[in-house]
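These are my notebook entries on one structure, written while I looked up its elements and contacts in turn. The sequence and the coordinates come first, and my notes follow.

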Amino acid sequence: MADHKTAWPKELRVSPDRKMLTVSFTDGRSYAIEAELLRVRSPSAEVQGHSPAQRITVGGKSAVTITKVLAVGNYAVRLSFDDGHDTGIFTWAFLSELGTEKDARWAEYIAELADKGMSRT
């Protein structure tokens, strides 16, 4: 079981088409995380609100790409997306969790979209 609190990245790589971020950790784990999932589950207050009840469902991001990856101290990165969103601080622990739980988070997202009559496009 991964210890998300002590997760430390060895490498972050954006795919040539900018639609995927691969995060490799020093413990050997590696996750390819879609830009769309990173964007719609951004840890920013704009998406997450200030409590779980305030979280926003973001649709229409199937074509979103990562435009910039900036280091934030030694604990996180700030990702910028081509739709202008750039306020999420993605900690190593958050990226570790998202990678580990990617399938479940996708399923939750797809179900939310369906429940709200929204789509990925």
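Which side chains along strand 3 point to one face and are buried, and which point to the other and are not? I am working from a predicted model, and in it I find that Tyr31 and Ile33 share a face and are buried, while Ser30, Ala32 and Glu34 point to the other face and are not. This is the pattern I would look for, because in a regular strand the side chains alternate between the two faces of the sheet.

Entry on the sheet. I looked up the partners of strand 3 and found an open sheet of three strands in the order 1-2-3, with antiparallel pairing. Strand 1 (9-14) and strand 3 (30-34) are the edge strands, each pairing on one side only, and neighbouring strands are turned by 15 degrees against each other on average, direction ignored. Between strand 1 and strand 2 (residues 20-25) I note five bridges, with proline 9 of the former partnered by phenylalanine 25 of the latter. Strand 2 and strand 3 are likewise joined by five bridges in the antiparallel sense, and there methionine 20 stands opposite glutamate 34.

Entry on the connections. I then turned to the backbone between the strands, where strand 2 and strand 3 make a hairpin with four residues between them, and glycine 28 in the turn has a positive phi of about 100 degrees. In the loop between strand 1 and strand 2 I checked arginine 18, which has a positive phi of about 65 degrees although it is not a glycine; its relative accessible area is 33%, so I record arginine 18 as partly exposed. Another arginine caught my eye here, since arginine 29 lies over the face of phenylalanine 25, at 4.6 Å from the ring centre.

Entry on the core. With what is isoleucine 33 in contact, leaving aside its neighbours within four places in sequence? I list Lys19, Met20, Leu21, Leu38, Leu95, Leu98, Gly99 and Lys102. Isoleucine 33 also appears among the residues with the most contacts inside the largest nonpolar core, which has 25 residues; the others so named are Leu21, Leu38, Leu79, Phe81, Phe90 and Leu95. The elements that give two or more residues to this core are strand 2, strand 3, helix 1 (35-40), strand 5 (76-81), helix 3 and helix 4 (102-115). Of these I looked further at helix 3 (residues 92-100), which lies across strand 1, strand 2 and strand 3 and runs at about 85 degrees to strand 3.

Entry on the aromatic pairs. My search of the whole structure gives four aromatic pairs. One of them joins tryptophan 8 and tryptophan 92 edge-to-face, at 6.4 Å centre to centre and with 75 degrees between the planes. This pair links distant parts of the chain, since tryptophan 8 belongs to the segment before strand 1 and tryptophan 92 to helix 3, 84 residues apart. Are the two rings' residues buried or partly exposed? Tryptophan 8 is partly exposed, with a relative accessible area of 43%, whereas tryptophan 92, at 11% relative accessibility, counts as buried. For tryptophan 106 and tyrosine 109 I record ring centres 6.0 Å apart and planes at 55 degrees, so this pair is tilted. Both residues lie in helix 4, three residues apart, about one turn of the helix, and both tryptophan 106 and tyrosine 109 are buried.

Technical notes: Residues are numbered from 1 along each chain as its sequence is written. This is a predicted model: local features need pLDDT of at least 70, side-chain atom pairs count only at pLDDT 80 or more; totals for chains, interfaces and linings use all residues. Side-chain values use heavy atoms; hydrogens and water are left out. Two strands pair if DSSP finds at least two bridges between them. Axes are lines fitted to C-alpha atoms, for helices over the stretch in contact, and angles run from 0 to 180 degrees between N-to-C directions. Contact means heavy atoms within 4.5 Å. Buried means under 20% relative accessible area, exposed over 50%, partly exposed in between (1.4 Å probe, protein chains only). A nonpolar core is a set of buried Ala, Val, Leu, Ile, Met, Phe, Trp, Tyr and Cys residues joined through side-chain atoms within 4.5 Å. Rings of Phe, Tyr and Trp (its six-membered ring) pair if their centres lie within 6.5 Å; planes under 30 degrees apart count as stacked, over 60 as edge-to-face and the rest as tilted. A charge sits over a ring if NZ of Lys or CZ of Arg is within 6 Å of the ring centre and within 35 degrees of the ring normal.
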